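Colleague: Please take me closely through one part of this model, the pairs of oppositely charged side chains. After that, place them in the rest of the chain, in plain terms.

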Amino acid sequence: MIHTSVRRAPRNTSHFVRRHNISIFYNTSPAHEGPTTFHIIDHNNMSRTQPHYFGAGPALLPAEVLQQASSDLLNYKDSGLGLGEISHRSALAVNVVDSAKATIKQLLAIPDTYEIFFLQGGGTGEFSAVVYNLLASFALKTGKKGKADYLVTGSWSQRAAEEATRLGVDVNLAVDARKGSADGKSYGTIPDPSTWSLGSAGETAYVYYCDNETVNGVEFPYIPEVPEGVELVTDMSSNILSREFDVTKFGLVFAGAQKNIGMAGVTVCIIKKQLLARPKEADLVALGIPLPPLVLDFPTIVKNNSLYNTLPIFNVHIVYLTTQRLIDNGGLKVQEAISDAKAKKLYDTLDAAPKGVYNCFVEKASRSRMNVVFTIPGEGKEKAFLDGAKERGMTGLQGYRSVGGIRVSNYNAVSERSIDLLVDWIKTFAASA
């Protein structure tokens with residue numbers, strides 16, 4: 001038994017005491033004439049039944065990460081303050097940032113020629129940040145504004161290209177996967193590289209693509225080849241840390257944390273150090289290159305160790321806990337095998353169903369391991385599938401609002417048990433359809 005003494009305080013006040021990883025909250029108020037009520041939280045026993053949740057983001061987090069984070073949110077390293085309360089420039093906060101950078105560096109084997117930093121604004125903020133920063137580095141190298149190639153294979157790369165156009169970039173849609181669809185408007189394939197219309201190295205600042213399209217269920221099974229001297233930029237928000245890849249193929253990699261890395265509110269960026277150099281601002285203005293807000297200016301953020309403005313330190317700590325867990329579990333080679341096996345179970349089951357029950361519309365070579373999408377033909381069939389899944393404890397399976405259907409997000413924290421439960425339901429539903 002754990003004992004703690006609490007001295008009764010004046011009425012109409014709230015109190016908190018923590019001893020031996022036990023938190024006690026109590027309140028005294030004139031409205032309560034009986035004995036003081038105590039609420040006790042034992043942080044050693046904080047747990048939950050891991051949900052069978054397949055939401056696309058914000059997504060499921062490992063239970064052990066949440067358990068540790070819940071304690072750290074209340075009292076971090078016995079400082080008496082939680083991670084949501086400490087100064088973002090304190091030694092504790094700097095250590096959180098440095099620890100998260102170190103685990104990311106270890107997991108992805110990032111060489112010293114790259115910088116790791118954290119931003120806010122999510123992937124959508126990066127659509128703009130890429131333009132500002134990559135055009136600036138190209139201008140230093142060539143004295144030109146530069147153009148940009150976009151490989152549009154789904155909704156998120158489409159939005160990125162639209163944002164670049166809005167900011168005044170000369171955008172070349174080197175790939176528009178909609179053109180190969182039956183209606184000329186749908187996504188579901190990655191066109192063969194021989195059909196791409198990439199610009200020349202002397203004119204093109206960067207080639208941009210989204211490695212995994214969460215809405216459309218399309219994922220690149222390879223790293224695109226680009227002309228020598230052209231920087232490759234990728235949005236890996238929904239599949240980073242699900243497999244190994246060669247960072248040195250890229251000028252910039254970014255990922256919103258809310259899929260496989262942590263919580264919404266922080267974006268992980270990995271950039272080649274040489275791309276942080278740029279001309280004077282007056283020279284950029286003369287070339288018609290927009291100047292970025294300082295909160296999106298990569299050199300400014302890197303110079304200040306991601307702490308130029310108030311970074312959500314608790315969210316960065318979640319990144320650290322998640323990446324450290326991956327290291328402890330064997331690294332990305334192990335995680336890649338798990339991710340591939342879970343995806344294979346899903347696709348094999350869908351493909352084996354009687355013809356016409358499920359429509360897996362993404363070309364097999366382009367299928368996403370992270371977001372398995374399909375439709376169920378027939379009035380009311382998708383609702384029946386979702387209702388049946390919910391009755392069996394499975395949620396988050398609705399397709400994106402603009403496309404509908406079913407979407408199974410197979411992120412790292414989704415357990416094999418959850419996948420097995422869903423596979424059983426897919427089989428049961430098909431048998432009764």
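**Charged pairs and their surroundings**

Modeller: Asp211, Glu219, Arg243, Asp340 and Arg369 are joined to one another in a network of salt bridges. The model is a predicted one, and the count of salt bridges in the structure is 17. Side chains of opposite charge can pair when their charged atoms come close. Three pairs can be looked at one by one.

Take Glu163 and Arg166 to begin with. Their salt bridge has its closest N and O atoms 2.8 Å apart. Both residues belong to helix α4, which runs over residues 155–166, and because they are three residues apart there, about one helical turn separates them. How does the accessibility of the two partners, Glu163 and Arg166, turn out: buried or exposed? Glu163 has a relative accessible area of 16%, and because the limit for buried is under 20%, Glu163 counts as buried. Arg166 has a relative accessible area of 62%, and because exposed means over 50%, Arg166 counts as exposed. The pair therefore joins a buried residue, Glu163, to an exposed one, Arg166.

Asp176 and Arg178 make another pair, with a salt bridge of 2.8 Å from N to O between their side chains. Here Asp176 is buried, and Arg178 is buried as well.

The third pair is Arg367 with Asp351, where the closest N and O atoms of the salt bridge are 3.0 Å apart. This pair links distant parts of the chain: the two residues are 16 apart, with Asp351 in helix α8 (332–352) and Arg367 in the loop between α8 and β14. Arg367 is buried, at 13% relative accessible area. Asp351, at 36% relative accessibility, is partly exposed, because that value falls between the 20% and 50% limits.

Now return to Glu163, which also takes part in the packing of two helices. Two packed helices are described by the angle between their axes and the distance between the axes. For helix α3 (residues 122–142) and α4, the axes come within 9 Å and cross at roughly 45 degrees. That angle lies between the 35 degree limit for roughly parallel and the 65 degree start of roughly perpendicular, so α3 and α4 are oblique to each other. The crossing of α3 past α4 is right-handed. Which residues of α3 and α4 meet? From α3 there are Phe127, Ser128 and Val131, and from α4 there are Trp156, Arg159, Ala160, Glu163 and Ala164. Glu163 thus has a salt bridge to Arg166 and a place among the α4 residues that meet α3.

Helix α3 also holds Ala139. This residue is buried, with a relative accessibility of 5%. With neighbours within four places in sequence left aside, Ala139 is in contact with Lys144, Pro279, Leu284, Leu287 and Ile289. One of these, Leu284, is 145 residues from Ala139 along the chain, yet the C-alpha atoms of the two are separated by 7.5 Å.

Strand β14 was named above as one end of the loop that holds Arg367. It covers residues 371–374, and both of its faces are covered. In a regular strand the side chains alternate between the two faces of the sheet. In β14, Asn371 and Val373 are on one side, Val372 and Phe374 are on the other, and all of them are buried. β14 pairs with strand β16 (residues 406–409) in the antiparallel sense, over four bridges. Asn371 has Ser409 of β16 opposite it.

Val373 also appears around Asn216, a residue in the loop between β9 (212–213) and β10 (218–219). Asn216 is buried, at 6% relative accessible area. Apart from neighbours within four places in sequence, the residues in contact with Asn216 are Gly154, Ser155, Tyr187, Phe361, Val362, Val373 and Val403.

One further site is Ser418, in helix α10 (residues 416–432). Its relative accessible area is 3%, so Ser418 is buried. Beyond neighbours within four places in sequence, Ser418 is in contact with Pro51, His52 and Phe54.

Last, the chain as a whole. It has 10 helices and 16 strands. Of its 433 residues, 51% are buried. Among contacts between residues at least 6 apart in sequence, 65% join residues at least 24 apart.

Technical notes: Residues are numbered from 1 along each chain as its sequence is written. This is a predicted model: local features need pLDDT of at least 70, side-chain atom pairs count only at pLDDT 80 or more; totals for chains, interfaces and linings use all residues. Side-chain values use heavy atoms; hydrogens and water are left out. Buried means under 20% relative accessible area, exposed over 50%, partly exposed in between (1.4 Å probe, protein chains only). Two strands pair if DSSP finds at least two bridges between them. A salt bridge is a side-chain nitrogen of Lys or Arg within 4 Å of a carboxyl oxygen of Asp or Glu. Axes are lines fitted to C-alpha atoms, for helices over the stretch in contact, and angles run from 0 to 180 degrees between N-to-C directions. Angles under 35 degrees count as roughly parallel, over 145 as roughly antiparallel, 65 to 115 as roughly perpendicular and the rest as oblique. A crossing is left-handed if the near helix is turned anticlockwise from the far one by less than a right angle, and right-handed if clockwise. Contact means heavy atoms within 4.5 Å.
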